[in-house]
Amino acid sequence: MAAPDQPADDPLTGHSYDGIQEYDNPTPGWWNAIFIGTILFAPVYAIWFHSANASNTVADSYQSALAANMRLQFGEIGTLEPDEATILTYMNKPDWLKVGAVTFASNCASCHGREGEGVSGPNMTDDRYLNVKTIEDIAKVIREGAKNGAMPAWGNRLHPNEVVLAAAYVASLRGKNLPSARLAEGNEIPPWPAAPVAAESN
Ligand code: HEC
């Protein structure tokens, strides 16, 4: 039975379900082309997306943007030497100390505590140290690690400037004497030397 408003050139399909009939209107060719196109595209894209060599994920591009930004910033200061004068100088540059704080928060806080108060790694807010006698030793321990890797070596994982800035940040935590779950450990060492006179803060 033809529906009353059925156009002459638009035939009905032959079937009827519960009395419901259907015009024979196949999905348009362009629609089918897009549909099949997405099916063909999906496995190619999936393989490309998951391939290990390309940095395709949002997290990857965020990391490379961070690294690019870091290189841009570090362009200003060149490569820092992990020596006493440099560490003391950067302890007095609040903007750069923040970079050290970020490095610390993302790599070190899990063992040393968010404020450096000590968790599985020692408290760094008091005057006692296990492996540190001079301020340079902080950078050395960060680069080389300590106690057979209980303190991991970061020399290959951090930019040399990150090592120096993290060292400056760690040095700046001294004297906060935060309450710690850890017992006092190591030996009391002399105060850090005064910052070099040339250190202007920025
Ligand atoms: C996996 C846990 C762990 C991580 C992550 C870690 N540390 Fe340590 N760190 C330790 C341990 C444990 C020690 C103590 C080693 C020892 O007993 O001689 C230590 C010691 C140190 C020391 C010497 C402290 C002292 O009293 O002599 C410094 C400085 C230090 N870490 C800085 C850092 C910095 C900066 C980072 C991040 C870049 C970091 N650590 C990441 C576990 C860790």
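The following exchange concerns a predicted model and the reasoning behind several of its descriptions.

Trainee: Why is the chain called more spread out than a compact globule?

Mentor: The globule rule gives 17 Å for 202 residues, whereas the radius of gyration of the chain is 32 Å, well over that value, so the chain is more spread out than a compact globule. Along the principal axes, the C-alpha atoms fill a box of roughly 100 × 40 × 30 Å. Of the 202 residues, 24% count as buried.

Trainee: What makes up the pattern of the chain, read along the sequence?

Mentor: Seven helices and four strands are present, and they follow the order β-β-α-α-α-α-α-β-α-α-β.

Trainee: What makes a set of residues a nonpolar core, and which members of the largest one touch the most others?

Mentor: Its members must be buried and joined through C-beta atoms within 7 Å. The largest such core has 29 residues, of which I87, I138, V164, A166, A167, A168 and V170 touch the most other members. Helix 3 (84-91), helix 4, helix 6 and helix 7 each supply at least two residues, and helix 7 gives the largest share, ten residues.

Trainee: Which residues are in contact with I87, leaving aside its neighbours within four places in sequence?

Mentor: The cut-off is 7 Å between C-beta atoms; I87 is in contact with P82, I135, E136, A139, V164, A167, A168 and A171.

Trainee: How do you know which residues surround the ligand?

Mentor: The C-beta atom must lie within 6 Å of the ligand. There are 25 such residues, the closest being C108, C111, G121, N131 and M151. Helix 4 (94-107), helix 5 (109-112), helix 6 (135-144) and helix 7 (160-173) each give two or more residues to this shell, which divides into 17 nonpolar, seven polar and one charged.

How values were computed
Residues numbered from 1 in each chain as written. Predicted model: local features only at pLDDT ≥ 70, side-chain atom pairs only at ≥ 80, totals over all residues. Nonpolar A, V, L, I, M, F, W, Y, C, P; charged D, E, K, R; others polar. Buried ≥ 20, exposed ≤ 12 C-beta atoms within 10 Å, placed from the backbone. Contact = placed C-beta atoms within 7 Å. Rg over C-alpha atoms; globule rule 2.2 N^0.38 Å.
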